[in-house]
Structures are given as structure tokens and as C-alpha cells.
Amino acid sequence: MTMDEKGLMYNYKVLLPTAGIGSRVSNQSNNLNKGLIGIDNKPVLSHIVEKFHPNVEFVVALGHGANYVKQYFEIVYPERKFTFVNIENYVGEGTGLGLTVNTCKQYLQCPFVFVSNDTIFEEQLYFDEITYNWLGYSPIQAGKDYRSLLLDDDGNVIKLNDKVEDSKDFSYIGICGIKDYEDFWKYMDSDESLTMGESFGIEKMLQSEINFNSVKFTWYDTGNEKSLHQAKKQLKSKNQPNILEKDNEAIWFANNKTIKFSTDKKFISDRVKRTEYLKNYVPNIIDTSDNFYTYDFIEGEVFSKKVTGKRFEYLLSWLDDFWKPIQLTHSEEKEFQHGCEEFYGSKTFKRLNLYYEKFNNKDVDEIVNDNKLPPLIDVFKRLDMSWLADGVPSIFHGDLHFENILVNKTNDGLPFSLLDWRQNFDGVYEYGDLYYDLAKLYHGLIISHDFINKNHYDYNRELNTVYYDFHRKNTNIECEKILQNYVEVNDLDWKKVKVITALIFLNIAGLHHYPYCHLLYYLGRVMLTEETR
């Protein structure tokens with residue numbers, strides 16, 4: 001039993017099982033726990049947790065991706081109470097939801113709500129106590145995909161049915177309230193319950209004439225590929241930024257925080273370290289763990305939603321103050337140039353190998369948009385690396401495109417906040433190459449994230465013939481001319497910006513999804529070939 005700050009008593013807990021591997025959404029979960037799949041830039045788990053009062057205790061069953069789930073709850077909701085239960089056997093023979101539920105028994109000797117970690121609903125569950133048993137349902141017909149509820153005229157549950165072909169009864173949505181917990185645990189004490197889950201105990205209670213009411217919910221299922229895609233589409237807010245999904249990292253928004261996640265611990269620690277040098281140009285990090293850091297949510301809009309030629313000119317003038325030049329000694333200058341060579345050369349080859357292996361492509365001569373292209377390795381032989389590595393050392397961001405530039409609404413002296421900065425430049429935190437930031441701006445003017453999210457691009461391949469095309473914004477074409485003028489007025493090399501931009505497309509191709517990965521690869525390849533003729 002828990003008590004809130006007003007002295008209100010809560011006689012129940014919430015059981016949230018997250019142990020399963022999520023095999024039905026394996027293409028979407030990027031090897032994470034399926035509860036961390038983002039819906040409207042917020043993990044499913046947050047959609048669930050935030051529907052309950054902050055003072056209600058959660059019992060969270062951990063299995064697949066346990067470390068990330070535990071870190072997520074602790075860093076995003078430090079004010080909430082979680083009891084974590086490790087499920088050692090969560091995959092393979094003899095495992096199942098029932099085993100997970102039974103493993104949590106000792107922590108649930110009280111009324112409790114069971115909620116599946118792939119169930120999103122709109123209703124707030126801020127009740128003080130569970131006064132009766134109930135099962136949550138959706139008026140959507142269960143069909144063959146879901147268990148169904150047979151109800152009487154008063155909404156009492158007559159039967160919880162198995163999945164059957166073309167059932168026309170209401171769908172049971174994987175959420176229920178158990179008041180008579182002692183009866184529930186008595187019936188769950190059976191080997192048959194291990195694979196069936198909570199439904200086994202509920203069925204036995206119904207057979208024993210223990211009453212269950214029904215509660216209707218506005219429901220979004222995220223438990224299979226089709227329903228997950230529909231939920232992402234239905235729950236997408238108008239003002240959310242366009243964040244392209246990656247395999248091993250994510251940005252989420254929950255509990256008035258921005259959360260950055262990466263499977264790479266050094267990536268996170270380096271990001272945090274770089275804030276010492278970027279100072280108030282980036283948000284102030286409030287908490288960090290091995291794989292996460294958070295900062296307070298900043299009111300504003302990404303620059304891509306505000307861009308005009310005049311505003312872009314203003315942004316460049318503001319960035320003049322950010323791009324502070326760094327004076328290097330002769331030996332430091334040599335190290336910097338060597339770092340540029342590694343960054344633009346060796347790193348690119350590593351990323352290209354990742355792309356080739358991941359998407360089963362090869363570096364051969366091909367026909368791309370009706371033009372014959374030589375292998376990339378031959379193009380790189382024409383590239384003057386000493387010219388390319390002659391960079392300009394300065395304070396830098398490292399991923400400077402319009403989705404990472406926030407137009408502040410609550411102006412604390414700065415019109416912009418720079419988000420999602422790069423963790424280092426070839427291992428250096430203090431400075432990097434100004435040309436890299438300029439090229440990142442240019443790459444964002446060529447490819448618009450919101451157009452990619454709307455699939456406004458084409459990619460087709462037949463044998464060794466490739467065709468690609470993509471939409472561009474007129475305002476971005478205008479800004480490209482402004483950027484070129486800015487570069488030339490500041491006695492910088494526009495050709496170098498274009499070459500590095502081509503390398504950026506080649507570098508990020510292996511980090512993105514099919515077929516967008518191929519668009520990036522061939523776009524970078526065409527640009528690099530044209531600039532090295």
C-alpha cells in the first residue's frame with residue numbers, strides 16, 4: 001500500500017511484464033525491448049506508465065533488454081517507485097508470460113492491475129483503489145488475432161475466449177484489474193499457466209463464478225508489425241520533430257524531458273563531456289547513465305519548420321559567434337590535419353564496409369540514373385586527401401542540420417539551441433573542422449527529414465542499373481545559394497564543402513533503413529564522382 005503527498009492511500013500495484021523478446025515486431029524494435037519502440041517519439045512504456053498516478057508502484061518484470069529498460073525507468077521517472085524483478089528464463093522451451101507473472105507473485109500480494117507492454121490506451125487510470133475485478137476491452141472485433149470477451153447486457157464478463165478465426169466478440173486488450181488476488185494466485189499455481197499468462201488465472205476465476213466487469217478502452221496495439229505501423233500513424237502529433245530512426249540510438253520525449261539513448265556507452269559519456277565546450281549553446285544535461293542522458297524539454301520548434309532565406313541568413317550570422325576559431329601550435333596543427341585525414345578517409349571506409357555488409361551491396365561499376373559510374377575505390381584514388389584534410393579548427397557541433405537546431409520559444413538570451421551534437425572529432429572534444437559543420441548544413445539542405453519520413457523519394461534497382469530521385473524544398477534550394485555565398489565571402493572552399501557532404505552521405509548510408517540507405521549511398525557516390533572528375 002502506498003500513500004501520496006495528500007495522504008491518499010493506494011491499495012494496488014501495477015504489474016508490467018517486459019521480459020519477452022518481441023518476436024512479432026523484431027523488424028521494428030532494433031534489437032531493443034519492444035516496450036522501447038518509439039510511438040510519437042515516446043517509448044510504448046512511457047505511454048503506459050504516464051496513464052497511472054505517479055504514486056502507484058510498478059512491478060516491472062525484466063528479461064530481454066533488461067538493462068536498457070531498467071535504466072530508462074530510473075533516469076526518466078526518478079520520482080516514481082519501481083520494483084524490478086529479473087526473469088532468468090524468458091526465451092526458449094518452458095518459458096512464457098505465465099512464468100513471468102508467477103515470478104512476480106511475492107511482490108503482488110495485494111490487488112493489482114496487469115498491463116501488457118504492447119498495449120497503449122488513452123484513458124487515465126487515476127483511481128484510488130481496485131474495488132472489483134475487471135477486464136479491459138476494445139469494441140473492435142477480435143477476429144483471429146486477439147482473445148475476445150463475451151459480455152452480458154450489464155457488461156459483466158461471461159467468458160474470456162481463446163483466439164479463434166473471425167471472432168466477432170470484443171477484443172481483450174491485455175489489461176485487467178485483479179481485486180481478488182488470492183484467488184488469482186491460487187489458480188495460477190499450475191504448470192498450465194506458464195505459457196498462457198494471466199488469462200489462465202482469469203479463466204479459472206470465471207469458471208468458479210468469480211465476477212469480472214468489463215471496462216472499455218480506446219486502444220492501440222503495438223504487438224505486431226501491422227498494428228504497430230497503424231499505431232505510429234494514428235498517434236503521430238503534428239508538431240513532433242522528424243527524427244529518422246537508427247539501429248542503435250534514439251531520441252525520445254517523455255515526462256517533460258528529452259532522452260538520448262545509445263547502445264554505445266562511450267558515445268553517451270563523450271556526448272556529456274562535450275557539453276563542457278559547447279556550454280550554453282546546447283541544453284544543460286540533468287542526468288546521465290551508461291546508455292542514457294536527459295535534459296529538460298525545451299519549448300520551441302525545429303528550424304526546418306521555420307526556414308526561410310532571411311531566417312537562414314540570420315542563423316548563419318548567429319553561428320559566426322558559435323564557430324569560434326581555435327589557435328593551434330605547429331604540432332597541434334599537424335595532429336589536426338592527420339585527424340581530418342582519418343575522419344574523412346579511414347572512418348568513411350569503415351562505414352562503407354558496414355553498409356556493404358549490412359545491405360549486401362558491392363563496390364562495382366554501375367549505371368546510376370543513366371550515367372556510368374566507376375567503382376568508388378577508383379574515385380577515392382582521385383581525391384586529394386592533403387587538400388581535403390587542410391581543415392579549419394573551430395568549435396563545432398558535428399551534426400548541424402535543421403532538425404538539430406531549435407528555435408527557442410522561451411528565449412533565455414539565445415534565439416537557438418543546438419541539439420544532438422556529435423560526441424567528438426576523431427577523438428578530440430574541444431574542436432573539429434568547420435568544414436564538417438558547413439557540409440552537415442549542406443547535406444540537410446539536400447535531404448529533408450520530413451520528406452524522407454513521408455517516403456517522398458524513389459529507389460529502384462535492376463541488376464547493375466540503379467535509379468533514384470527525391471523531393472527538395474524550394475526554400476532549401478534558396479538556402480543552398482545563401483550557404484555557398486557565405487562560404488565564398490568567408491574565403492572558404494565551396495568545392496571542399498560539397499566533397500565532404502558527399503562523404504557524409506556515404507558515411508550515414510549504413511546507419512539507416514532500407515531503401516533509404518541506398519538513396520544515401522548512391523547520392524553520395526554520384527556527388528563524389530562529379531566533384532573529383
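**Cavities and helix α10**

Modeller: The lining of the largest cavity has three nonpolar, six polar and three charged residues. This is a predicted model.

Biologist: Which residues line the largest cavity?

Modeller: The lining is made of S304, V307, H401, F402, E403, G444, I447, S448, H449, D450, K473 and N476.

Biologist: What makes V307, F402 and I447 nonpolar, and what class has G444?

Modeller: Val, Phe and Ile count as nonpolar, whereas Gly counts as polar. The class count of three nonpolar residues therefore agrees with V307, F402 and I447.

Biologist: How many cavities does a search of the whole structure find?

Modeller: There are three of 30 Å³ or more. The largest holds about 90 Å³ of space, and the second largest has a volume of about 50 Å³.

Biologist: Which residues line the second largest cavity?

Modeller: F343, Y344, K347, T348, Y436, I500, L503, I504 and N507 do. Helices α10 and α16 (494-508) each give two or more residues to this lining. By class, the lining has six nonpolar, two polar and one charged.

Biologist: How do you know that the span of helix α10 agrees with its 30 residues?

Modeller: At 1.5 Å a residue, residues 330-359 should span 44 Å, and the end C-alpha atoms are 43 Å apart, so the two values agree.

Biologist: Where in α10 is the kink centred?

Modeller: The kink, of about 30 degrees, is centred on E342.

Biologist: Why are F343 and Y344 called buried?

Modeller: Buried means under 20% relative accessible area, so F343 and Y344 are below that cut-off. Other buried residues of α10 include K347 and T348. Just after α10, N360 takes a positive phi of about 55 degrees.

Technical notes: Residues are numbered from 1 along each chain as its sequence is written. This is a predicted model: local features need pLDDT of at least 70, side-chain atom pairs count only at pLDDT 80 or more; totals for chains, interfaces and linings use all residues. Side-chain values use heavy atoms; hydrogens and water are left out. Helices (H or I, at least four residues) and strands (E, at least two) are DSSP runs, numbered from the N terminus. The expected span of a helix is 1.5 Å times one less than its number of residues. The bend at a residue is the angle between axes fitted to the seven residues ending there and the seven starting there. Buried means under 20% relative accessible area, exposed over 50%, partly exposed in between (1.4 Å probe, protein chains only). On a 1 Å grid over the protein atoms alone, a cavity is a set of points where a 1.4 Å probe fits but cannot get out, and a pocket is an open set with protein on both sides within 12 Å along at least five of seven lines; lining residues have an atom within 4 Å of a point. Grid points are joined across faces, edges and corners, and a volume is the space filled by probe spheres set on the points.
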